[in-house]
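User: Could you walk me through this model before I set anything up with it? I'd like to start with how the pieces pack and then move on to the backbone.

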Amino acid sequence: MQVLLKSTEVAPETRCTICGQGFVMFWERGTKMERAAALREVETTLRHHHHSGAGPEVHPVKGFVVPAWDGPVAFSGAAILGNAPVWAL
Ligand SMILES: [Zn+2]
């Protein structure tokens, strides 16, 4: 299942374990187990961002989808089914 993440300083739902950057998340519908698996994938993706540096600037400023998605973020299942607001896209 897809998750859309957008960096935020206000009421983040998860944080990067390396730099502490906060993110809000928008979810496709899924079971608890699917969510748990997606969360692990989110953690892995955030760590991979840090291959290019140690600071929070390595994370995309715009919204991004996990697992990686080739199409426009606005058309991802996570954005549509998760009712992501325009500011997150
Ligand atoms: Zn980070």
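**Packing, sheet and backbone**

Analyst: Helix H1 (residues 32-49) lies across E1, E2, E3 and E4, running at about 125 degrees to E4. Helices (H or I, at least four residues) and strands (E, at least two) are DSSP runs, numbered from the N terminus; axes are lines fitted to C-alpha atoms, for helices over the stretch in contact, with angles from 0 to 180 degrees between N-to-C directions. Two residues are in contact if their C-beta atoms, placed from the backbone, lie within 7 Å.

User: And what kind of model is it, with what numbering?

Analyst: This is a predicted model, in which local features need pLDDT of at least 70 and side-chain atom pairs count only at pLDDT 80 or more, while totals for chains, interfaces and linings use all residues. Residues are numbered from 1 along each chain as its sequence is written.

User: What does the protein average in pLDDT?

Analyst: The average is 94, and 100% of the residues score at least 70, where pLDDT is the predictor's confidence in each residue, from 0 to 100. Among the elements, helix H2 (residues 77-81) has the lowest mean, 93, and strand E1 (residues 3-7) the highest, 97.

User: Which order do the strands take in the sheet?

Analyst: The sheet is open, with four strands in the order E2-E3-E1-E4 and antiparallel pairing. E2 and strand E4 (64-66) stand at the edges with a single partner strand each, so one side of each is left without a neighbour in the sheet. Two strands count as paired if DSSP finds at least two bridges between them.

User: How many bridges join each pair?

Analyst: E1 and strand E3 (residues 22-27) pair over five bridges, with leucine 5 opposite methionine 25. Three bridges join E1 to E4, where valine 3 stands opposite valine 66, and two join strand E2 (residues 14-15) to E3, where threonine 14 stands opposite phenylalanine 23.

User: Which residues have the most contacts inside the largest nonpolar core?

Analyst: They are Val3, Leu4, Leu5, Met25, Phe26 and Ala78, in a core of 14 residues. E1, E3, E4 and H2 are the elements that give two or more residues to this core. A nonpolar core here is a set of buried Ala, Val, Leu, Ile, Met, Phe, Trp, Tyr and Cys residues joined through C-beta atoms within 7 Å. A residue is buried if 20 or more other C-beta atoms lie within 10 Å of its own, exposed if 12 or fewer, and partly exposed in between, with C-beta atoms placed from the backbone.

User: What does methionine 25 touch?

Analyst: Not counting residues up to four places away in sequence, methionine 25 touches Val3, Leu4, Leu5, Glu13 and Thr14.

User: Switching to the backbone, where is the cis peptide bond?

Analyst: The cis bond joins valine 66 and proline 67, with omega about -5 degrees, and proline 67 lies in the loop between E4 and H2.

User: Which residues have a positive phi?

Analyst: Alanine 11, in the loop between E1 and E2, has a positive phi of about 50 degrees although it is not a glycine. Asparagine 83, in the segment after H2, likewise has a positive phi of about 50 degrees without being a glycine. Glycine 20 takes a positive phi near 85 degrees in the hairpin of E2 and E3, which has six residues between the strands.

User: Is alanine 11 buried or exposed?

Analyst: Alanine 11 counts as exposed because it has 7 C-beta neighbours inside 10 Å.
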